[in-house]
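Open the model in your viewer and keep the selection tool at hand. The tour goes from one selection to the next and says what is there.

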Amino acid sequence: MDFSHKPVLFSEAVEALQIRPDGTYVDGTAGGGGHSAAIAAQLSSKGRLICIDQDPDAVAVLQKRLGHVPQVTIVQENFVRLGLVLDQLGVAGVDGILADLGVSSHQLDTAQRGFSFHADAPLDMRMSQQGVTAADLVNTLDERSLSRILSEYGEERYARNIARNIVRSRAREPLRTTLQLAQLVKASIPAAARREGGHPARRTFQALRIAVNGELDRLSDGLDVMFEALHARGRLAVITFHSLEDRIVKQRFASWCEGCNCPPEFPVCICGKKPRARLPFKVKAPSTQELEENPRSRSAKLRAVEKLPME
C-alpha cells in the first residue's frame, strides 16, 4: 500500500513542540508517519511517542514504518478519544501533541476512497472507513439539511441550487459516484462562477467530507481533550486547512490565554480568572518554497499553545 504524504509545515510543526528527548508526545493524526518519524528521531530511549490515526490504511503503514521503533506506540482511534487512549496505556499526561487536520495525499489520490472529484469512484469520504457515507447523505437528507451542510461547512454561495438539484436528480436515480455529484454541482453553478476559485465542486466535497466525519464537532471536543492531557509547559500544535477549522482553533486558544476580565475601573481583580496558556507565536503559514513544492499546502495554518503551570 502506498500511503504517500507530504507533511505540511513539517519543520515548523515539529519545532513548535519543543521536543525534549525524554518527553512523551502524541501525533494525533499520524497519517503516513512523516511528522511522527521526525518526532521519534529526537527521542532518547526514555522518550515516548503515541501515534494515533482513525484510518486503518494509515495504521497499517505506520506499523510498517515505525512499528519497530521501541519508543513508538501505534493506536487506531480518533484524537477526540485521546483521554481514553492514554488511560488504557497508563499515561498520566504528555509533553506535546500535534494534530494535522488535512486530508492525506493517500486519501485524496486513492480514487476508491471517494474524496476526490477528479476521478470516478464510489461517493464515500469516510476517514475511518466505517459508518455513514457521503452517498448516504446526498440520497437521504432533505433539501434544507443538504443546503445547510453545503452553506455552513463549504461556505458555498449556491448551496440552495445544488441541494435542490441533488434532490431532483436522486428522484430519478440515486447519486452513487464522485463524478455524478461533481457534474451535478458544476451544472448548478452559473458559468461565470465556475471560473472562480478552482474546481466548482471543491466546496461541496469539502462540506460533505466534514459532515460525514463530524470533523468540526470532533475538533471542538478534541481540542479540550488534548489540552487537558498536557503537562505544564506542554504544547499543542494544530495545522488547519480551511477557515472553519482555523476559527475554532484560534478562538479556543484565545480562551485559554484569557486572564482577568474585570472592568478596567476595578482597582483589584475580583473574577480570579488567570491565563491557563500562552501563545509561543501567533500563526505560521507555508513558505514560498513549500507552496511551490506542494500546492496543497496553500491554505494551511499552524497555531500552537503552551499550557501554563497552575499557581
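Select Asp 246 to begin; in this predicted model the residue is buried, with a relative accessible area of 8%. Now add Lys 301 to the selection. The side chains of Asp 246 and Lys 301 form a salt bridge, with 3.7 Å from N to O. Asp 246 belongs to helix 13 and Lys 301 to strand 7, so the salt bridge ties together parts that are 55 residues apart in sequence. Unlike its buried partner, Lys 301 is partly exposed, at 36% relative accessibility.

Next, select Arg 113 together with Asp 55 and Asp 57. Which residue forms a salt bridge with Asp 55? The partner is Arg 113, and the closest N and O atoms are 2.9 Å apart. Along the chain the two are 58 residues apart: Asp 55 sits in the loop between strand 2 (48-53) and helix 3 (56-66), and Arg 113 in the loop between helix 5 (105-109) and helix 6. Arg 113 also meets the side chain of Asp 57 in a salt bridge, at 3.3 Å from N to O. That pair again links distant parts of the chain, since Asp 57 is in helix 3 and 56 residues apart from Arg 113.

Are these three residues buried or exposed? Asp 55 is buried at 0% relative accessibility. Arg 113 is buried with a relative accessible area of 6%, and Asp 57 is buried with 17%. The cut-off for buried is under 20%, so Asp 57 falls within it.

For a network of salt bridges, select Arg 233, Arg 235, Arg 278 and Glu 306, which are linked in this way. The structure holds 18 salt bridges.

Move on to helix 7, residues 143-154. Its twelve residues reach 16 Å from the first C-alpha to the last, close to the 16 Å expected at 1.5 Å a residue. Colour Leu 146, Ser 147, Ile 149, Leu 150, Tyr 153 and Gly 154, which are buried. They cover an arc of only 165° around the axis, which puts them on the same side of helix 7. An α-helix has 3.6 residues a turn, so residues three or four places apart point the same way.

What covers the buried residues of helix 7? Show helix 6 (134-140), helix 8 (159-172), helix 11 (202-213), helix 12 (215-229) and helix 13 (243-257), which are included in the cover.

Now look at the two ends of helix 7. At the N-terminal end, Asp 142 acts as a cap: one of its side-chain oxygens lies 3.1 Å from the backbone nitrogen of Arg 144. After the helix comes Glu 155, with a positive phi near 50°.

Select Ser 297, in the loop between helix 14 (288-293) and strand 7 (301-307). Although it lies in a loop, Ser 297 is buried, at 0% relative accessibility. Leaving aside neighbours within four places in sequence, Ser 297 is in contact with Val 8, Pro 286, Glu 290 and Leu 291.

Last, select Cys 51 and Cys 257. Cys 51 is buried, with a relative accessible area of 0%, whereas Cys 257 is partly exposed at 22%. How many disulfides are there? A disulfide is a covalent bond between the sulfur atoms of two cysteines. With a cut-off of 2.5 Å between the sulfur atoms, the count is zero.

Notes: Residues numbered from 1 in each chain as written. Predicted model: local features only at pLDDT ≥ 70, side-chain atom pairs only at ≥ 80, totals over all residues. Heavy atoms only, no water. Buried < 20%, exposed > 50% of the residue type's maximum accessible area, 1.4 Å probe, protein only. Helix = DSSP H or I, 4+ residues; strand = E, 2+ residues; numbered from the N terminus. Expected span 1.5 Å × (residues − 1). Arc of directions from axis to C-beta. Contact = heavy atoms within 4.5 Å. Polar contact = N/O pair within 3.5 Å; in protein donor to acceptor, adjacent residues only side chain to side chain. Salt bridge = Lys/Arg side-chain N within 4 Å of Asp/Glu carboxyl O.
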